[in-house]
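Please look through the structure below with its sequence alongside. The paragraphs that follow lead from local details of charge and packing to the model as a whole.

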Amino acid sequence: GLLMLAAAPAPAAPRTYAIDARASSVRVLVYRQGVFSLLAHDHVIVAQGFAGRITVDAADLSHTALQLTFPVTSLDVDPLAVRQELNLAGKLSLDDRKEVQQNMLAPAQLDGAQYPRIVATLEGVSGQLPDVTLTVRVRIKNTEQVLAVPAHVELSGDAVRAAGEFTLKQSAFGITPYTAVLGAISVEDDVR
């Protein structure tokens, strides 16, 4: 995903930035599998309403801090424009999208009623700008995992641009990957 950050007033380094949600994008790609996978769809889930702050000291990245919060019920399933941009095959009706959303928020998956937020907190940075590896603690449901996230980070004037991509396993967070037709249609455990 791509995060655009706008500066909050800070007299000196390190500087604190607030996420500009309008200029940022966080996407989750979920891929189909199974004997009848041709009857199913790959999905893209777009985070909306996320918020967070990052503090960066370009001279000493060990002082970098970041926290992002994603409201689970605001995750948007398969917006048409994003599906087209990513060249995902097939079109889903509004009813299809609602069904996928309900399945995603069900207790076996994200359990949105019980666990309304996904939280990511930076634990460390290695490497040198612009190409670094972020050590990020991610909490989904009641489970935390520490992930290594390769990222390209640019500091310029009053802004930070950061982009990265990583894979995580749903099962590592206590999520049962969706299955139907006795497993003939399912989604992969890995999501990107």
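Arginine 192 is partly exposed, with a relative accessible area of 37%. In this model, which is a predicted one, the side chain of arginine 192 meets that of glutamate 165 in a salt bridge, with 3.1 Å from N to O. Glutamate 165 belongs to the loop between E11 and strand E12 (168-169), while arginine 192 belongs to the segment after strand E14 (185-191), so the pair ties together parts of the chain that are 27 residues apart in sequence.

Elsewhere, salt bridges that share partners link Glu123, Arg137, Arg139 and Glu144 into one network. Within this group, the side chains of arginine 137 and glutamate 144 meet at 3.2 Å, N to O. Arginine 137 is partly exposed, at a relative accessible area of 29%, and glutamate 144 is likewise partly exposed, at 39%. Side chains of opposite charge can pair when their charged atoms come close. In total, the structure holds 10 salt bridges.

Another of these pairs has a buried setting. The side chains of aspartate 78 and arginine 83 form a salt bridge with an N to O distance of 2.8 Å. Aspartate 78 counts as buried because its relative accessibility is 2%, where the limit is under 20%, and arginine 83 is also buried, with a relative accessible area of 2%.

Polar side chains can be followed in a similar way, beginning with glutamine 101, which is found in helix H2 (residues 94-105). Glutamine 101 is buried, with a relative accessible area of 18%, and a polar atom of its side chain lies 3.1 Å from the backbone oxygen of leucine 75. Leaving aside residues up to four places away in sequence, glutamine 101 touches Thr73, Leu75, Asp76 and Val77, so that leucine 75 appears both in the polar pair and among the contacts.

Threonine 64 offers a second case, this time in the loop between strand E5 (51-56) and strand E6 (65-71). Although threonine 64 lies in a loop, its relative accessibility of 14% places it among the buried residues. A polar atom of the threonine 64 side chain lies 2.9 Å from the backbone oxygen of leucine 61. Beyond residues up to four places away in sequence, threonine 64 touches Ile54, Thr55, Val56, Asp57, Leu122 and Val125.

Is arginine 22, in contrast, buried or exposed? At 81% relative accessibility, arginine 22 counts as exposed, and it lies in the loop between strand E2 (15-19) and strand E3 (27-33). Arginine 22 and glutamine 48 are 26 residues apart in sequence, and the distance between their C-alpha atoms is 9.3 Å.

The pairing of strands can be read in E10 (residues 143-156) and E11 (residues 159-164), which run antiparallel and are joined by 6 bridges. In this pairing, alanine 151 stands opposite glycine 164 of E11. The two strands form a hairpin with 2 residues between them, and glycine 157, in the turn, has a positive phi of about 60°. Glutamate 144, described above as a salt-bridge partner of arginine 137, falls within the residue range of E10.

Taken as a whole, the protein has 2 helices and 14 strands. Of its 192 residues, 38% count as buried. Among contacts with a separation of 6 or more, 53% come from residues 24 or more positions apart. The accessible surface comes to about 10,500 Å², and carbon and sulfur atoms account for 55% of that area.

How far these details can be read depends on the confidence of the prediction, for where pLDDT is low, the predicted coordinates should not be read in detail. The mean pLDDT of the protein is 84, and 84% of its residues reach 70 or more. Among the elements, strand E9 (residues 131-140) has the highest mean pLDDT, at 96, and strand E1 (residues 2-7) has the lowest, at 56. Over residues 34-39 pLDDT stays under 50, and for this stretch the model has 11 contacts beyond four places in sequence.

Notes. Residues are numbered from 1 along each chain as its sequence is written. This is a predicted model: local features need pLDDT of at least 70, side-chain atom pairs count only at pLDDT 80 or more; totals for chains, interfaces and linings use all residues. Side-chain values use heavy atoms; hydrogens and water are left out. Two strands pair if DSSP finds at least two bridges between them. Helices (H or I, at least four residues) and strands (E, at least two) are DSSP runs, numbered from the N terminus. Buried means under 20% relative accessible area, exposed over 50%, partly exposed in between (1.4 Å probe, protein chains only). A polar contact is a pair of N or O atoms within 3.5 Å; within protein, one must be able to donate a hydrogen and the other to accept it, and residues adjacent in sequence count only if both atoms are side-chain atoms. Contact means heavy atoms within 4.5 Å. A salt bridge is a side-chain nitrogen of Lys or Arg within 4 Å of a carboxyl oxygen of Asp or Glu. Accessible areas come from the Shrake-Rupley method with a 1.4 Å probe; for residues, only the protein chains shown count as cover. pLDDT is the predictor's confidence in each residue, from 0 to 100.
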